[in-house]
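Me: I would like to go through a structure with you. Could we start once it is on the screen?

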Amino acid sequence: MANRTIPRLLQTPAIVLLLFWMLVPLSMTLFFSFIRYVLASTNRPEWTSPSISNWRGFGNYQYVWNQDSFWLAIHNSLLIVCSILFLTVILGVAIAILINRTFPGRGIVRVLLISPFFVMPAVNAVLWINMLLDPVLGLQGTAVAGANDLVALLRDAPVVGSFFSLWPQFEPISFRATQTSAYAVIMMVTWQWTPFAVLILMTSLQSEDQQQKEAAILDGASRWSQFRFLTLPHLARPIAIVVMIQAIFHLSLYAEIEIVSRGNGNKNLPYYIGELVNNNIGAASATGIFAVILANIVAIFLLRMLGKTLME
Amino acid sequence: MGRIVLQKVSKKFGEIEIIPPLDLTIEDGEFAVFVGPSGCGKSTLLRLIAGLEDNTSGDIIIDGNTVTQVPPSKRGLAMVFQSYALYPHMTVRKNIGFPLRMEKMDQAEIDVKVNTAATSLNLTDYLDRKPGQLSGGQRQRVAIGRAIVREPLAFLFDEPLSNLDAALRVGMRMEILELHNKLKTTMIYVTHDQVEAMTMADKIVVLQAGVIEQVGSPLELYRAPRNLFVAGFIGSPKMNLITGPLAAKHGATTIGIRPEHIDVVASGGTWEGTVSVSEHLGSDTFLHVKVAGFEQVLTVRSIGDIAVKHGDKVSLSPRLGELHKFGADGLRIG
């Protein structure tokens, strides 16, 4: 129809811009992933610039697939994302229910609860790893040292001394180590993102029907039953939204990992790609495509879950 | 069984007294209706009986036991809410069975009871649907089903028909009455609609500002309203209340005459007036007549359709035997 031409013409710049915005990086990544492309190579200088003559086929994919560190990165990505989701949802529900009651100073408490969300991720990581989790100078170090001093004091106490003399010296945990740095990341991101879950779940709690609660009270439902059969089903939808939004954000965590350990042992997928980009652009692009596939799998899985709760 | 006695029950929210101390007895098997304008405390009174609110003073006695300190679920009462308050994530079957499940009843036994209740309420076809897929009337039936399965000592209805359209309301009214005839359980029904009260109640409790204005059968209230408030509230259209010299002539401060007790006569009636509005319902005609010397427009109800229109002169003849007289304090005289 003729009268649709002008609206379409007017939409064109935006659509073209959007297409370029998405298609150019994606097709460049795809192209790089099929060629040999390294930034520094003294033996093969022709590989240092992108060219179709350096075609490698699925070689980059095969190379990445066979790297243990790639699988470690995927494993770490999933561990970090799933742990954060699990913790933020549980803490979010608990805190939202707790502050949904009326108590003096509720307004201030709510504002304070939301505030971690306004801290920049890098600042958050620096504060946690240096001021809280540092085994010597941080709160952790101070607390462990204090506990050790207390136990040492109690060893000399008259009655309970013999009991405390059996206690070992407490050792502070180094959260920059290979095995533990992922836990530090999980802790700090959980701290930062719990307010997000609280915010969304709290608004949902406020829309809960009070007459349903009263009906349940008359039906003999205990507090736990009311939570289990009324509140939790009511929260299913917002929980699905929290999980989906957070999964998208946490699959691309970077700053925290950089600051905690510089990828020492707990690289996730984005960090692994970031390291490859320093030299092997081809392999980095192939990993990037793997990351896109992983993100799509997660997204489809989450959309299904969300769709199911929305249908009900 | 379900005899409910309130003794000096009162309720304060903070400093504001919603219900001053009141006494009330509802006999076993009775259909009692609390009626009054919005904000009169009728719902609060029901919630006090249910235990959803704590009374500030006095005692509530159900079936001979003082239940003032007893939690709501242990009072043996079932309540039907205005918003139905169905559990949206559960099927109709689960909704009706919920109170039994909370009693930790055997699943097989629950199924039997739910099916019995569903059959009696014509809900068998909808058992596996969710409340969101039901119409208003069906939802209300589910809410009633959830109350029935508990086999309570008394049912409490909190404006259960207010969210239904007029035609459905009449139908549900009949269904609730049939239920009462079948179960013979005490029912307390809260409404602001005096027609519902008149048609359903064994005993009407008229409330205003937390105070019981009158308790009695529908016809007692109709024939002998205790005061001006009840006179104005019971009956539709409202009773004509006339003050001034005419009232003084009958030895009262206010006289009341119901619209159906004023006859339109060809000529020679007591009052002559001009019709301002005539409402033709077919079965009845409501006339609003301006009579010289009266401050208020008189409402007249004539049986059948009579051919009068705006501006017509009519002659009215009140049946003096049906006159209600009220003193300066608003109370009925004689």
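Me: How many residue pairs are in polar contact across the interface of chain A and chain B?

Reply: The rule finds seven such pairs between chain A and chain B, with both residues at pLDDT 80 or more. A polar contact is a pair of N or O atoms within 3.5 Å; within protein, one must be able to donate a hydrogen and the other to accept it, and residues adjacent in sequence count only if both atoms are side-chain atoms. This is a predicted model, in which local features need pLDDT of at least 70 and side-chain atom pairs count only at pLDDT 80 or more, while totals for chains, interfaces and linings use all residues. Residues are numbered from 1 along each chain as its sequence is written, chains are lettered from A and ligands numbered from 1 in the order in which they are written, and side-chain values use heavy atoms, with hydrogens and water left out.

Me: And how many salt bridges are there between chain A and chain B?

Reply: The count is two, where a salt bridge is a side-chain nitrogen of Lys or Arg within 4 Å of a carboxyl oxygen of Asp or Glu. In one salt bridge, the side chain of Glu214(A) meets that of Arg47(B) at 2.6 Å, N to O.

Me: Which helix of chain A gives the most to the side that touches chain B?

Reply: Helix 9 of chain A does, with seven residues. Helices (H or I, at least four residues) and strands (E, at least two) are DSSP runs, numbered from the N terminus.

Me: How much area do the two chains bury between them?

Reply: Chain A and chain B bury about 1,700 Å², and 62% of that is on carbon and sulfur atoms. Buried area is the accessible area (1.4 Å probe) that two parts lose on being put together, summed over both. Of the area that chain A buries against chain B, 41% comes from Leu218(A), Asp219(A) and Phe229(A), more than from any other three residues.

Me: Changing topic, which residues line the largest cavity?

Reply: From chain A, the lining has Ala215(A), Leu218(A) and Asp219(A). From chain B, the residues include Met79(B), Phe81(B), Arg146(B) and Arg150(B). A cavity is a set of points on a 1 Å grid over the protein atoms alone where a 1.4 Å probe fits but cannot get out, a pocket is an open set with protein on both sides within 12 Å along at least five of seven lines, and lining residues have an atom within 4 Å of a point.

Me: What volume does this cavity have, and which element gives the most to its lining?

Reply: The largest cavity holds about 70 Å³ of space, and helix 4 of chain B gives the most to its lining, with three residues. Grid points are joined across faces, edges and corners, and a volume is the space filled by probe spheres set on the points.

Me: What about the largest pocket, and which residues are closest to its centre?

Reply: The largest pocket has about 700 Å³ of space. Among its 18 lining residues, Ile97(A), Arg101(A), Lys213(A), Arg223(A) and Gln226(A) are the closest to the centre.

Me: Which peptide bond is cis, and where is its proline?

Reply: The bond from Ser236(B) to Pro237(B) is cis, with omega near -5°. Pro237(B) is in the loop between helix 8 (228-233) and strand 11 (240-243) of chain B.
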